[in-house]
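Q: I'd like a close look at how the parts of this one touch each other. Please take it slowly, since I'm new to this.

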Amino acid sequence: MLAVNFLLLGAVLFCIGVYGVLVRRNAVMVLMSIELILNAVNINLVAFSVMNGNLDGQVFALYVIAIAAAEVGVGLAMVLMIYRNRKSIALDELSEMKG
Amino acid sequence: MFAFLVAQASDWITPVIDWHAVAPELVLVAGINIVLLIDLNISDAKKWVLATLTGFVMLGALLPVVTLAVIGDDSRSLFDGRYVIDEYALILKAFFLLVAYVVILMSQTELEEGGYYQGEFYVLMLCSVLGMVMMSSARDLISIFVALELLSIPAYMLAAWRKRDVKSNEAGVKYYLLGVFASGVMLYGMSFLFGATNSTLLTDIGAALTDGDLNGLEVVGVVFVICGFAFKISAVPFHTWAPDTYEGAPTPVTAFLSVASKAAGFVALVSIIFLAFPNASDVYEPLIWTLAALTMTVGNVLALRQTNIVRMLAYSSVSQGGFILMPLAFAGNSNAGGSALNAVVVYLLVYGFMNLGAFAIVIAVSRKTRSGEISSFGGLFGYAPGLAVAMTVFFASLAGIPPLGGWFAKFNAFRAVLQAETNPAYVLAAIAAVNTVVSAAYYMRVLRSVWMDDAPDGDTSPVVTPAPIVAALGITVIGTLVVGVYPNAITRFAELKDLTGAIVP
Amino acid sequence: METLTDQTWLLTVGTFLPMLGALVLMFWPKNDEAGIKGIGILTAGVTMLVGIYTLVQFDYGQSAKLQFFVDAEWIPVIKSGYTIGLDGISLPLYILSMAVTFLVMVYTWDNMPEAGNTKAFYILMLVLQTGMAGTFIAQDLILFFVFFELVLLPMYFMIGVWGGEDRRYASLKFFLYTMFGSAFMLVAFLALFFQTGAESFGFAQLIDAGAAIDRDVQIWIFAGMFLGFAVKVPMFPFHTWLPDAHTQAPTQGSVILAAILLKLGTYGFVRIAIPMLPEGAKAWAPAIGILAVIGIIYGALGCLAQTDMKRLIAFSSVAHMGFVMLGISTLTSFGINAALFGMVAHGLITGMLFFVAGSVKHRYHTLEIQRLSGMLIQMPRMGWILGFCAMASLGLPGLAGFWGEFPAILSAYQPGFGLSEPLFRTLMVVAAVGTVLAASYLLWLYQRTAFGEPSDEFKGHSDAEHDAADRGHGVAHSLSAAANDHAHDGDDAHEDIHDVQLTEWLSWTPFLVAIVVFGVYPQLMFKVMDPAVTQMVERLGASLG
Amino acid sequence: MVAAEVAHLSSGWFLENAWLIGLIPAVGFAVIILFGKKLPMQGSEIGLGTLGASLVIATGAGIQWMQRTNSAEGEEAAAGVLRGIARSLPRVEEGGHAEPFIEPVTKTWVWWQNSGLEFGLGSSIDGLSVMLLWLVAFISLLVQIFSLDYVRGDRRYTHFFAAMTLFSSGMLIMVMADNMVQVILGWEIMGLCSFLLIGHWWEEEANAIAALKAFFTVRVGDVGLLVGTAILFFGANQYAVDNLDTNGFNLGAIQAWALSGEASTWTIVMAATALFIACIGKSGQFPLHTWLPDAMAGPTPVSSLLHSSTMVVAGVFLVAQVYPVFWEGFNIANGGLSFIAVIGGITIVISALLAFVQDDIKKVLAYSTVSQLGYMMLGLGTGAWLPAVFHIFTHAFFKCCLFLCAGSVSHSGSHHSFDMKKDMGGLRKYMPITFGAWVVSTLALTGVFPFAGFWSKDEIIDNVGNNGYTFLFWVGLGGAALTAGYMTRATYLVFFGEPRGAAAGEHHDEHDVHADDHQLVGAVPHSLSAAANDHGDDHDHADHGHGGHDDHGPHESGKLILFPIVVLAFFATVSGFSNATPLGESWEQFKKFVEPRPEAVAFDAIIATGPGESVQLVVPAVDEGGDDGHGEAADDGHSTGCGRGDPEAATACFFPAVVHAEPKFAKILLSLAVVAAGYAAAIAFCVAFYKKRDPRLVGLTERSRVARAGYLFLANKYYLDHLYEKVIVRGVAHPIADAAYWINQRVLDGAVNGVGEGGKRAGNWVYDNIDQKLVDGAVNGSGFVASESGHAMQPVQSGKVNHYGALLFGAAAVGAIVLVILNVS
């Protein structure tokens, strides 16, 4: 069945995204990886909605896209802010607080 | 394919909207716009107006909640069951609004003296509260997701509110990245649930999931969704962001996060578990059991090590989360189900009072000491007995000592667990019992320095506590005491019927 | 269980009146010391009067029944009510708690601990009193638990704020220890409640329903309660908080701790654990008996090792509570009567001993036994009072202590409900040996502190010696000479060591009188307790078959 | 025993209200403590007054008890003539009917009740108790009179009298007790007073320690009392409740139960053993006797009252009181070699030997007391109940008298020293009255005809032999000889020979006396006495007396001191005749009035009115088929009586049928001879050793060395001295006695002290290692573990976003996988 391929694609994207979040030190790259995860989700939703013939999935996907945009906006703003304060966006330097 | 989509789209009926039911949300929306507009054209000197205004918005939103509670005993359901206003929802809406009101009281002076942006702060606060208020009515994956983001995204920004402060930035970024990541994981799980059950409506999902014949898709979906909210309620091992964020963020925001947004997470978790997973107890019960045990234990032992009071409170709120989570592990149990719901709600209410109170004290004292170290509270009893006594009330309550609110909350949690009368229940209860003692250790250590030590630098000038904070303290102290001495005050709320439409296992 | 419901207001008033006083004090100007003390003492006094009125109104003919019984709604959700009542078992302790608090407050008039802040001190004592009194009248598990825990915080602060050098450690230890016990106790309560499926947390229902639970479950639940109560008693090996707490606590704290707080544990056994879980009690009785006797010997040995007077007294309470627990563990009405008597007696005697220790510390600024000597020369009255209490404490017939010890030992000869006789007879003999040890450490203490000449560092600072010196001027002898020299040289580290003073007399006389009265005529208490205890044991027998 | 007839028992006010005897001094004590200091005589008058009152009542009670006894015998009392002849026949033979058991007169109130059991407090008067009541009241009164002068000016004069009075009250309460609890009450009160009075001069550490030792040692014995009471209670309770309408604490019930044959052997043996351990402690029997000599640290009146005549016989009294228990427990009936007898025997010899090597006069008397108590125990242990009790009576007089004489000597003769060798000698010239009293009492103590000791002690020895304990019989005789010996030695050292030391009017500083000899308690160090002394003017009479004042040498004591001595000496002379067995039954007042009759009593007779007021007694008549023989036939007559077989159904025995020996002239002569021998040897020894040892002696011995070289004749001349001194004394007396003393000090005493020390060590060890390290360590350890585990987890909180993310996703993934595996089949 076709849908299975979509799901596999979604899974792959998800894994790439997770991998990116876990290993990348660059804040922007992490944002990107998160976008990948969200897109994996979207693909899943759309695929399922087609599979089950149920529009809700696509509606859900639209919401996700919209909110993802908002999130990225906030995220980039924050990245900018860090950059201003410490001239670097390397995440592993963000460890003022620990323990 | 397209044709069939059109066919789907064709029979669209305009949903009937019960305006009274959504009045609280509407008031908040209106409030957001008003505050925004006023903020645009008002001199910095007058910004305090905004605080007052926001406060009134909260109370204004509380009004329809009250009327709803008074009039409507039967639950109102909108958008064919995706948005439900029942007793449970109303209690929590009221709770969120009240908490937000107290937080605003706490933050006013902080913002004025800290020289932060004020208007935006209140606007974002309102947005976040709107998200929470929606969350308590949301009964559909989509609306839950939307509400979740609505309450989270402003919170990310609030956490980073002290722009110039590196710690604050760090707090915001960590919170943001992990939050988004967690919600990504959660969404992935949701997509599976949707795929497996072909619905986003919780009750439909609940109908579709049944113990015994669950497939991998469903299990993964359930686990990921729960994990997503476990992040929100900072349950171990999804708690890592909490201490850093709490420490870095402005204290009022910390209070807001540790109470309101955590509560929102619980609200979502409760409605999902009771409505969507009632028959997936084989999956979520072990999961939540483990989470609860881990959360209370790890939170406590880590709190023992802290020297910064805010960070200690962060860990303490982690472990408190464990206690709130505890009853949910037996939500599916035929004996304990009902009282588990009560236990969670009651605990949330009490927890709100005492934790906010604790943070209010921290704010009030640190205005003088300018330090977050526990040692800086030394001799407080000497020069500010009032604050010291209030602090004693909150911390003792957090430790669960009668006759303060905390004991009743903990008692209810124990009660719900033991009502299950199963061995896992007894084990969990024993773990919790030990944890109450461990937690008492660090709460009492703080009180010890408050009562028994001398002021670190011998500075015993009295503390000036601004009126708003006094008001906040008043509300929280009274709440804590009343609940403890006469629990009926809230138990009558907690006598909840099962959530509307919940499938009783 | 039948109840008498006349004058239902009495107990509530007697219990919560101190809270009222505390409330008033809260808004009283902080610097008005006298006013604060006055209000505190007044409140306690009025409460005491209410207590006396209760004594008068109590129907001794029916002391087995709960009197002044109230059963009001409190927390319907969890089926817990405001159920209070008083019967022969709780009456003595209820009154004792009132009397002790009152007298301690009187004592405080002149002997306020260094840390100051009279206001807070009195408020805490009043809160403490409510907690203690409430525990003894509560007839509902949850209510009992609330009161039981209510005493924690005040005592924690009392030790922590007004205590000795090591107070921070001692207070936290006390708190966590007790908290630990009561956490498990709460779990046990709930388990009991759900296992019985009783329709409320009221004692009566649970006593009726408890016996129905099957044995193993009872044993487990009893274990939980045992933790809670045994820590409070404290029984070996949960006793280690006691010496620290006692040693560090201010005199007032030690007295209240010894006189009342320890009794909460034993009272819990008699009132809750044993009646509600007969099988569990029967299964645990040997263990309790053994631990109790270990406690007796162990506490005595601990005493022999002490160099600090107060710490010695603290260990002695471990030993004495051992006798109480031994009596309880026999599950006979004889033994339980003895235990209840022992509780009151120990409260009076050990409380009194702590008073004396406190006053000695107040005068000598030390409790090191080596440094104290010749107290009889320097403070004859104080010395004799100490001797009197020591004699009472080692169980001299004719003084209260004996009636706790002797019947307890006696009862162990023939334990109830087919408990192993060889075991308990062995315990009896060991306990009897314990009385000898008691004699040895108490007399040893007395001989070293009271007898002999005053040690050089304190020699000649006491009023008594000065008088002697003044009288003995004509005769040339070393002591008065020394006294004169010391008396006359100007700069002098110690202020004069006075004998017993007015407030001390006021607050001690009732203790001393009570010790003698109950010692000479124990019937006063036995008559009250006996019917209630007998009834309880009969129920036990009924459910144990 | 079918036919029965009715006898009437009279009663009277004094018997009914005997409880006052104990109560009055108790009240007196309270008064003295509270107001004593304010009274003109500082409270002493209260003590004297109350004891006087007690004495009056006791006397009245005694008289009425005799009437009560007589009233039971009805007309037969008239036929007293018969008894002169047929003295030793069982009373059955006389007038053909048995003498009934005379019920004690009891009066009790409910003292306390526990789980339905009611315990009484009051008085139960029978022959034994009324005798002792009178004795104690009498002696206490005399001793207090003595003390008036003896301790005048003492800093704690009032406390002294308070304690003395309290002691009397305690002893009286114990003696009149009708239940074990009351016995314990009195018992412990006495212990307390003993502690207070021995430590009366506690400023000196030696006294304080002696007091502690006394109390502690006795307390060790008291374990036996508690345990024994418990065993008896639970043993006898059922029987008592069923039959006698009382409970297991009641003494009568215990007696009846013990004789009823219902008691299991194990129970009764354990009970008897436990109780006797208590008596060993109280009555200073071997091996717990070591506290008694040390107790001499107390003032002399204390020694004379508590530690010789009254308190220490409490143990003996207890044995006599619950005699049936021991009778059955140790199988005395069938001549079993009882624990009691053995201990008694050992004690007699051990302590008598010890008395030889004492230089402190009070210690000689102390060991003598121990030895005499040994006699009493020996008697009780061998079934000679009557003589033993009688010996309590007589011994009280002469031993108390001896102590008072010693006190008088030290008071006026030896400058407060009690050291016979240092400070005494030749005092008879100065203190004739004291000397006379001393001699009389000594003769009484040694059992010389016709003094008191003779009638009691010889009766004991006689009966011991008669009951078949031949060996112990000889032990008793030997003891008598030793007694004679050491008393002679003491007498000689004190009153004969040349005055030495203080007696010769020398002044040595008391401090170095203390320094070189610690036995010299009794005197108070200067500093204190002066500090203590409120009124410097009557120094001369104060106990520490002449310290620092010029001294007019030894002289006779004042009247207040002499009066009691003389009175006691008188009784020491005559009291023996109150039960002069050899003179015939009409003299046997003790046998008639004190010894309970071994006759069964029907339950209903007791329950009917309850013990007490005049009752109608059902007297079982004895079948005429009984033997009518004489002598040993008498014993057969008894061999079916109480304590020799179970009593009839529905009847109870309260006293076993003990056997009374016929006095045989031979035996009397024998014992007199032994005593005489003892005297002879001792006098010879003293004369040779002490008197003839003048400077000449040394020179002579030197010459005797030379003589061995040549002058054999001269050498032979002093051969006797040589023999005496070198061979007999060094070779015999010293080694044995020294050895005994060595054992006493090192082994026994060491053991007692060792127990204390060991306890303390154990305490330290347990506290340091177990309590602090183990138990407490565990507690603190747990806290440490918690906090450390927190420390271990802190690295997880690395602060790095990626780590957090990894943790987050890892947990989710693991959870998902596990649960999938669990749930998806």
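A: Let's start where chain A meets chain D: the contact takes eleven residues from chain A and ten residues from chain D, with two residues counted as in contact if their C-beta atoms, placed from the backbone, lie within 7 Å. On chain A's side, that's seven nonpolar residues, two polar and two charged (Ala, Val, Leu, Ile, Met, Phe, Trp, Tyr, Cys and Pro count as nonpolar, Asp, Glu, Lys and Arg as charged, and the others, Gly among them, as polar). Keep in mind that this is a predicted model: local features need pLDDT of at least 70, side-chain atom pairs count only at pLDDT 80 or more, and totals for chains, interfaces and linings use all residues. Residues are numbered from 1 along each chain as its sequence is written, while chains are lettered from A and ligands numbered from 1 in the order in which they are written.

Now hop over to chains C and D, where the contact takes 52 residues from C and 48 residues from D. Several helices of chain C (DSSP runs of H or I, at least four residues, numbered from the N terminus) give two or more residues to its side, including H12 (278-305), H14 (333-364) and H22 (523-544). The top giver on that side is H18(C), with eleven residues. Sorted by type, chain C's side has 31 nonpolar, 17 polar and four charged residues.

Finally, peek inside chain B: helix H11 (residues 251-276) and helix H14 (residues 337-369) pack at an angle of about 175°, their axes 9 Å apart. Axes are lines fitted to C-alpha atoms, for helices over the stretch in contact, and angles run from 0 to 180 degrees between N-to-C directions. So H11(B) is roughly antiparallel to H14(B), a label for angles over 145 degrees. Among the residues meeting there are Phe266(B) in H11(B) and Leu348(B) in H14(B). The residues of this contact split into 14 nonpolar, five polar and no charged.

Definitions and conventions:
Angles under 35 degrees count as roughly parallel, over 145 as roughly antiparallel, 65 to 115 as roughly perpendicular and the rest as oblique.
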